[in-house]
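Good morning, and thank you for making time for this short presentation. I shall go through several local environments, some aromatic pairs and two helix packings.

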Amino acid sequence: MDRTMAHIGDLISEMLAQYGVELVFGMPGGQTTALHDGISRRTDRIRHVLMRDERNAAYAADAYARLTGKPGVCDVTVGPGANLLSAGFLEALNASIPMVGIIGELPLDWLTLKEKGIASQGFDQLKFFQSISKNAWLVPSVTALPEIIRTAFRTAVAPRPGPVAIIIPHDIFDAEWDEDVLKPVVDERSIHIPYLRSVPVASEIDKALGLIAKAKRPALVCGGGVHGSDAAEDVTAFADRFNGLVVTSLSGKGSVPETKDYAAGILNPLGSWAAIELIKEADLVIWCGSKASQNTAMNWTLPLPEQATIVIDSDPLEHGRTFRPTVSLFGDVRETIKLLAAGLRPGENAEWKARIAAVKAEGEAAKQLEIASEEIPLSPPRIMEAVGRRLGEDDIVVSDASFSAGWIGGYIPARKPGRNFLYARGQGGLGYSVPGAIGAAATRPEARVVTVSGDGAFSYTIGELATQLQQNQRVVNIVLNNGRLGWIQLWQQLYFGNVQSALLETQSARPGFAAASAGLGLLGIYVETPDQIEAALDQAFAYDGPSVVEFRINDLATPIHSFKRRLKEGGQVRPRPGTVYKLRDWKISPEL
């Protein structure tokens with residue numbers, strides 16, 4: 001094909017650029033080369049970020065979407081490239097993150113040759129992506145493509161946001177584009193979430209305000225929906241006058257500054273002890289953009305049967321999933337919280353404010369003892385506190401799964417409203433932080449990006465450090481190396497009395513992540529004593545490029561409060577044979 005001839009890759013690239021997409025993350029293949037050719041002709045508006053692994057393209061696009069509010073776009077080729085997107089798509093689906101995947105496909109005429117890879121790399125991609133996304137489309141013709149792209153973007157950003165897949169056959173990708181016949185018209189409402197904003201009916205707002213006015217110990221639980229609605233500043237303004245407790249989910253961190261007197265941190269088994277204790281004393285709990293998931297609802301023990309509840313959510317199916325709210329406010333979080341703020345007439349609640357201060361002080365005293373630890377191997381709280389002191393208000397922290405989420409959540413405070421902390425909590429899968437940082441750093445190149453992961457999670461995506469280097473990104477990668485899968489080790493020890501399969505190293509085989517990173521061309525620093533922490537972090541934060549700081553930590557360190565208690569008691573708790581794990585009874589929240 002004559003390179004100057006317009007093709008369907010040009011059409012797709014033009015529509016992406018018109019939708020405001022500046023970055024596409026992925027890995028090319030023969031079937032998708034037209035897309036890359038189209039992007040290369042529009043580098044003043046859109047560019048491609050080459051990843052080392054297709055699954056990481058979805059994670060990078062996810063981080064882009066969380067920080068911009070625009071759909072993150074990733075591209076992969078047919079077959080092995082496509083199936084590697086599953087982890088990132090499921091993360092985005094469960095976390096309500098808008099994403100558009102552009103997937104290569106075999107030519108349309110080869111439909112019957114997909115089975116069992118008769119045609120190389122073929123499988124039923126449409127059925128596969130329909131099971132892990134909001135929707136997926138196989139493009140049947142050149143003429144249908146522009147409308148499918150418009151539908152895909154609208155679907156990705158509409159409540160509830162999520163990932164979608166556009167599967168494009170090779171022969172359609174390579175077809176000519178007649179610009180006079182196919183016009184790249186876009187729907188500007190689909191450029192950014194939320195697609196449309198709605199408000200609850202006035203009578204329900206009045207009921208909610210009545211509950212708040214009567215409450216003696218009100219609490220606000222903020223979830224990722226606060227950030228999805230770009231509502232953090234409005235939620236903070238509401239909380240300043242609310243005279244109650246405010247806690248967040250991990251994904252909701254930054255809904256309010258955690259330096260506020262009323263903020264008690266993250267409500268999660270690996271979150272804030274004060275949040276866990278105080279939420280049980282509330283008489284009214286407002287679930288704001290939070291789906292009351294297993295961890296935020298503390299294994300669905302929350303809300304308590306005696307607690308009145310208000311739910312604010314733009315997804316109607318969240319109003320009654322695990323409990324029936326006293327009042328349902330079905331609408332956009334930002335617009336709803338504005339209506340509540342306008343009519344807010346809360347009581348003084350002096351006793352409740354004093355109780356919040358007392359419990360927070362008790363929790364802070366315990367944290368300071370952990371931060372001051374001189375133990376070797378190192379204490380993660382000491383490391384996290386040192387990292388937090390070096391962060392600017394606009395810097396970004398990307399958490400991996402497992403204990404890293406708790407170390408960040410409990411020991412690095414959010415100092416301003418907004419989404420500066422990225423957590424992979426939709427699936428909670430290992431390996432998010434390094435590729436997530438690539439998306440974050442590409443989106444906000446002026447910010448310092450910090451990742452925190454354990455050695456297990458870091459092992460998943462160490463190859464993407466080469467991408468950070470190639471992109472010359474200012475990323476500090478913190479590796480908390482305990483030589484094992486920490487959560488699994490403690491679970492096996494506490495519940496079975498037998499650590500079976502959690503060890504990642506032995507005396508004869510100890511992977512060196514700082515050394516490996518240096519071999520890839522990054523700054524690599526290894527730290528094993530408390531007196532080395534400050535200098536190592538100073539060097540990494542001053543470095544004009546990506547770095548890896550590997551800390552040797554205590555293998556029994558855990559942010560999970562129930563694990564801490566059991567370790568102190570020296571006991572082990574085994575489930576009884578035949579134990580049945582069931583969902584707590586669905587309940588109806590009372591009036592106050």
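I begin with Leu270, which lies in the loop between β9 (263–266) and α12 (273–279); helices here are DSSP runs of H or I with at least four residues, strands are runs of E with at least two, and both are numbered from the N terminus. Before going further, I note that this is a predicted model, in which local features need pLDDT of at least 70 and side-chain atom pairs count only at pLDDT 80 or more, while totals for chains, interfaces and linings use all residues. Residues are numbered from 1 along each chain as its sequence is written, and side-chain values use heavy atoms, with hydrogens and water left out.

Is Leu270 buried or exposed? Its relative accessibility is 3%, so Leu270 counts as buried; buried means under 20% relative accessible area, exposed means over 50%, and partly exposed lies in between, with a 1.4 Å probe and protein chains only. Leu270 touches Leu250, Ser402, Ala405, Gly406, Trp487, Pro559 and Ile560, leaving aside residues up to four places away in sequence. Contact here means heavy atoms within 4.5 Å. Between Leu270 and His561 the C-alpha separation is 6.5 Å, although their positions lie 291 residues apart in sequence as a distance along the chain.

Trp487, one of the residues that Leu270 touches, brings me to the aromatic pairs. The rings of Phe, Tyr and Trp (its six-membered ring) pair if their centres lie within 6.5 Å; planes under 30 degrees apart count as stacked, over 60 as edge-to-face and the rest as tilted. How many aromatic pairs does this rule give? The count comes to 13. In one of them, Phe89 and Phe129 have ring centres 5.3 Å apart and planes at 70 degrees, so this pair is edge-to-face. Phe89 belongs to helix α5 (residues 86–95) and Phe129 to helix α6 (residues 125–130); the two are 40 residues apart, and the pair thus joins distant parts of the chain. Both Phe89 and Phe129 are buried.

Trp487 itself forms a stacked pair with Phe403, at 5.6 Å centre to centre and 25 degrees between the planes. This pair also links distant parts of the chain, with Phe403 in helix α16 (residues 403–411) and Trp487 in helix α20 (residues 486–496), 84 residues apart. Phe403 is buried, with a relative accessible area of 7%, whereas Trp487 counts as partly exposed because its relative accessibility is 28%. Returning to Phe89 and Phe129, ring pairs link them with Phe123 and Phe128 into a cluster.

I turn next to helix packing, beginning with α15. Helix α15 (residues 380–389) and helix α22 (residues 533–542) pack at an angle of about 40 degrees, with their axes 10 Å apart. Axes are lines fitted to C-alpha atoms, for helices over the stretch in contact, and angles run from 0 to 180 degrees between N-to-C directions. The angle makes α15 oblique to α22; under 35 degrees counts as roughly parallel, over 145 as roughly antiparallel, 65 to 115 as roughly perpendicular and the rest as oblique. Arg382, Ile383, Ala386, Val387 and Arg389 of α15 meet Ile533, Glu534, Leu537 and Phe541 of α22.

How enclosed is α15? Seven of its 10 residues are buried, so α15 is largely enclosed by the rest of the structure. The buried residues are Pro380, Pro381, Ile383, Met384, Ala386, Val387 and Gly388. They pack against α14 (350–371), α16, β16 (449–454), β17 (475–481), α22 and β19 (547–552).

A second packing involves helix α9 (residues 202–214) and helix α13 (residues 333–342), whose axes come within 10 Å and cross at roughly 55 degrees. These helices are therefore oblique to each other. Ile205, Ala208 and Leu209 in α9 meet Thr336, Leu339 and Leu340 in α13.

Finally, two further buried positions. Ser517, in helix α21 (residues 513–519), counts as buried at 0% relative accessibility. Beyond residues up to four places away in sequence, Ser517 touches Phe458, Leu465, Leu522 and Val548. Val21 sits in the loop between α1 (8–18) and β1 (23–26), and Val21 counts as buried at 0% relative accessibility. With the same sequence neighbours left out, Val21 touches Leu16, Arg45, Ile46, Tyr64, Pro71, Val73 and Phe153.
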